[in-house]
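Biologist: I have a structure here and would like to go through it with you. Can we take it piece by piece?

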Amino acid sequence: MTKYTLLLTLAGLLFTVTNLLPISAAPSAFFLLISGLVFFARTPLPEITLWALAYYGISLISLLFYDPAALGIYDFYRYDGNFILSFAPLLVLPLIRTRWDASAILPAFLLAATAINVATEAIKAAASMNLATGLFVATNAFGGFLMFTNAIAFVWWRQNRTLTALAIFLANLLLMAASYSRGSMLGLAAGLLCYWFIERRQGHFVALMIGGIVAIEIGILCYTYPIYLQTRNVMTVIAQYSDSEKGENIAWRAFENWPRGLYAFFHSPLLGAGFGSVNDMPLTFDKDFALFQFNRGPHIYSSAHAHNTYIHILGEQGVLGLLIFLGLWRAVYRFIRDHHDLPLVRAVLMISFWSLTFASFTEHRIPTPSNTFPFTLTLLLYFAYVAAKKEAGLTEPAEYGIA
């Protein structure tokens with residue numbers, strides 16, 4: 001089964017180049033079907049899978065009480081519950097083993113993705129279509145995908161120093177600039193910087209970066225949240241603080257998206273307002289405060305999330321949900337950090353991990369398939385390689401960076 005599962009994984013990785021045809025979700029659908037087999041695996045469940053099972057558990061239990069009908073609705077999986085597919089590779093880590101070298105797979109994927117995206121944008125330019133989205137629906141989806149291809153391109157160029165590698169890297173940087181996805185640009189820049197610090201055993205600077213962006217967002221919300229509570233016409237407020245389309249997007253996040261997530265959290269801080277509830281507007285609660293209560297608004301499946309992964313999870317799943325999610329995300333990082341096989345693949349995963357982490361401060365990125373599928377599918381290939389090598393008795397000492 002492993003051989004065909006790996007071939008399906010590679011096909012899914014190739015088709016992450018588009019979400020117009022959701023073929024990249026096929027491996028995850030299969031992984032969900034076989035995920036129960038992990039309880040019969042011959043090896044102990046890895047830390048990542050244990051945390052993933054916990055996060056699936058708390059999310060699905062919340063959903064069964066809040067909106068069980070959503071499990072039969074396609075748009076739920078596309079919007080509110082997209083982590084169910086995005087994180088599925090993490091559930092089957094104990095089942096897959098391979099000696100396939102992803103160091104050869106990723107450059108081939110990069111070349112194919114770059115050629116497809118450049119050709120697509122050239123055709124759009126010839127047709128006077130100015131919005132650079134590649135084969136995606138939205139610029140942020142395209143930009144999120146490009147965070148991963150830029151990570152491969154940077155590491156490939158850094159290791160080879162050839163003109164071809166440099167040209168591919170520059171092409172992907174230009175595609176990201178054309179997407180005008182500023183959250184993706186921030187994420188990639190932060191990812192590269194974090195990788196540089198960690199390589200030099202200066203992980204404390206990464207902690208300072210995280211602390212700095214959290215402090216900035218807290219400062220913004222201290223100003224905008226009271227305005228959110230008082231205003232009845234958010235469009236009027238946003239118009240006062242923006243004079244362009246991108247300025248309007250920033251104002252929406254500061255004055256509506258982030259405060260809406262906090263509003264749900266403050267009304268139900270322990271377990272949140274219900275999985276999938278933050279975009280179920282108007283947010284309606286029986287009490288001004290309770291440790292746990294569900295939102296009573298209508299059930300809507302859309303991309304009107306809190307535009308910040310951490311605030312979004314706080315609003316829907318409360319402190320407990322966020323802690324479990326952060327436990328999962330930390331376990332993913334610890335695995336990448338502690339293993340040094342396939343240096344190209346490890347470096348790409350490290351940069352992509354931090355890119356997703358920082359981009360999620362301005363968008364709902366980590367659970368989103370366009371952003372995360374390339375990362376989780378590659379992580380599965382890397383984990384399968386490391387595990388196969390370890391089980392064969394070929395181990396390497398770990399080196400530790402940021403905790």
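Biologist: What phi does Arg161 take, just after H8?
Modeller: Arg161 has a positive phi of about 55°. This is a predicted model, where local features need pLDDT of at least 70, side-chain atom pairs count only at pLDDT 80 or more, and totals for chains, interfaces and linings use all residues. Residues are numbered from 1 along each chain as its sequence is written, and side-chain values use heavy atoms, with hydrogens and water left out.

Biologist: And H8 itself, how many residues has it?
Modeller: Helix H8 has 22 residues, 139–160. Helices here are DSSP runs of H or I with at least four residues, strands are runs of E with at least two, and both are numbered from the N terminus. From first C-alpha to last, H8 reaches 30 Å, close to the 32 Å expected at 1.5 Å a residue. The expected span is 1.5 Å times one less than the number of residues.

Biologist: How many of the residues of H8 are buried?
Modeller: 17 of the 22, so H8 is mostly covered. Buried means under 20% relative accessible area, exposed means over 50%, and partly exposed is in between, with a 1.4 Å probe and protein chains only.

Biologist: Switching to salt bridges. How many does the structure hold?
Modeller: Ten. A salt bridge is a side-chain nitrogen of Lys or Arg within 4 Å of a carboxyl oxygen of Asp or Glu. One of them joins Arg334 and Glu47, whose closest N and O atoms are 3.7 Å apart.

Biologist: Which helices do Arg334 and Glu47 lie in?
Modeller: Arg334 is in helix H14 (residues 309–338) and Glu47 in helix H3 (residues 47–66), so the pair ties together parts 287 residues apart in sequence. Arg334 counts as partly exposed because its relative accessibility is 25%, and so does Glu47, at 37%.

Biologist: What about Arg253, which residue does it pair with?
Modeller: Arg253 forms a salt bridge with Glu363, with 2.0 Å between the closest N and O atoms. Arg253 sits in helix H13 (residues 245–267) and Glu363 in the loop between helix H15 (343–359) and H16, 110 residues apart.

Biologist: Are Arg253 and Glu363 buried or exposed?
Modeller: Arg253 is buried, with a relative accessible area of 14%. Glu363 is buried as well, at 7%.

Biologist: Which residues are linked in a network of salt bridges?
Modeller: Arg158, Glu199 and Arg200.
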